[in-house]
Amino acid sequence: GAGYTLASGTSASAVAAALMREGLVDDVVTIVMPGGELSVRKGPRGNLIQRGPAQRVYRAEIELEDFL
């Protein structure tokens with residue numbers, strides 16, 4: 001892997017979905033991670049909608065020729 005992740009929308013949604021499925025939280029929940037908080041709510045069709053800050057933590061450039 002790439003090391004320790006401070007926050008993950010995918011992980012937050014998985015936790016929210018499991019909590020909602022078990023009836024442990026309402027249809028809106030805030031997931032707290034070391035990198036910040038993410039609000040996750042259940043949409044009208046059962047989809048999950050995330051709301052929270054986003055921040056670039058890495059930028060890179062690659063040469064496609066290196067992979068051909």
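Start by selecting L64, in the segment that follows β3 (48–51). This is a predicted model, and in it L64 has 60% relative accessibility, so it counts as exposed, the cut-off being over 50%. Keep L64 on screen and add I62 and F67: together these three make a nonpolar surface patch of about 380 Å². Show that trio as a surface and you'll see the patch as one piece.

Next, click on E61. Like L64, E61 belongs to the segment after β3. Is E61 buried or exposed? Exposed, because its relative accessible area is 73%. Now draw a distance from the C-alpha of E61 to the C-alpha of V29: you should get 37 Å, for two residues that sit 32 apart along the chain.

Stay in the segment after β3 and move to A54, which is found there too. A54 comes out at 78% relative accessibility, so A54 is another exposed residue. From A54, run a C-alpha distance to M33, and the viewer should give 13 Å across a sequence separation of 21 residues.

That takes you to M33 itself, in strand β1 (residues 28–33). Here the picture changes: M33 is at 17% relative accessibility, and because buried means under 20%, M33 counts as buried. Leave M33 selected and add S11. How far apart are the C-alpha atoms of M33 and S11 in space? The answer is 9.9 Å, with their positions 22 residues apart in sequence.

Now hop over to strand β2 and pick R41. R41 lands between the two cut-offs: at 39% relative accessibility, it's partly exposed, since that class lies between under 20% and over 50%. Try a C-alpha distance from R41 to I31; these two are 10 residues apart in sequence and 11 Å apart in space.

While β2 is in view, colour the whole strand, residues 36–42, and turn on the largest pocket. With three residues, β2 gives the most to the lining of that pocket. The pocket's volume is about 500 Å³. To find its centre, select L6, A7, G35, Q55 and V57, the closest to it of the 19 lining residues.

Last stop: colour the pocket lining by residue class. What does the lining have by class? You'll find nine nonpolar residues, nine polar ones and one charged. If you want a closing view, put the pocket lining and the patch of I62, L64 and F67 in separate colours: the patch is nonpolar, while the lining has nine polar residues alongside its nine nonpolar ones.

Key
Residues are numbered from 1 along each chain as its sequence is written. This is a predicted model: local features need pLDDT of at least 70, side-chain atom pairs count only at pLDDT 80 or more; totals for chains, interfaces and linings use all residues. Side-chain values use heavy atoms; hydrogens and water are left out. On a 1 Å grid over the protein atoms alone, a cavity is a set of points where a 1.4 Å probe fits but cannot get out, and a pocket is an open set with protein on both sides within 12 Å along at least five of seven lines; lining residues have an atom within 4 Å of a point. Grid points are joined across faces, edges and corners, and a volume is the space filled by probe spheres set on the points. Helices (H or I, at least four residues) and strands (E, at least two) are DSSP runs, numbered from the N terminus. Ala, Val, Leu, Ile, Met, Phe, Trp, Tyr, Cys and Pro count as nonpolar, Asp, Glu, Lys and Arg as charged, and the others, Gly among them, as polar. Patches are made of residues with over 30% relative accessible area and no salt bridge: like charges are joined within 9 Å, nonpolar side chains (Val, Leu, Ile, Met, Phe, Trp, Tyr) within 5 Å. Accessible areas come from the Shrake-Rupley method with a 1.4 Å probe; for residues, only the protein chains shown count as cover. A salt bridge is a side-chain nitrogen of Lys or Arg within 4 Å of a carboxyl oxygen of Asp or Glu. Buried means under 20% relative accessible area, exposed over 50%, partly exposed in between (1.4 Å probe, protein chains only).
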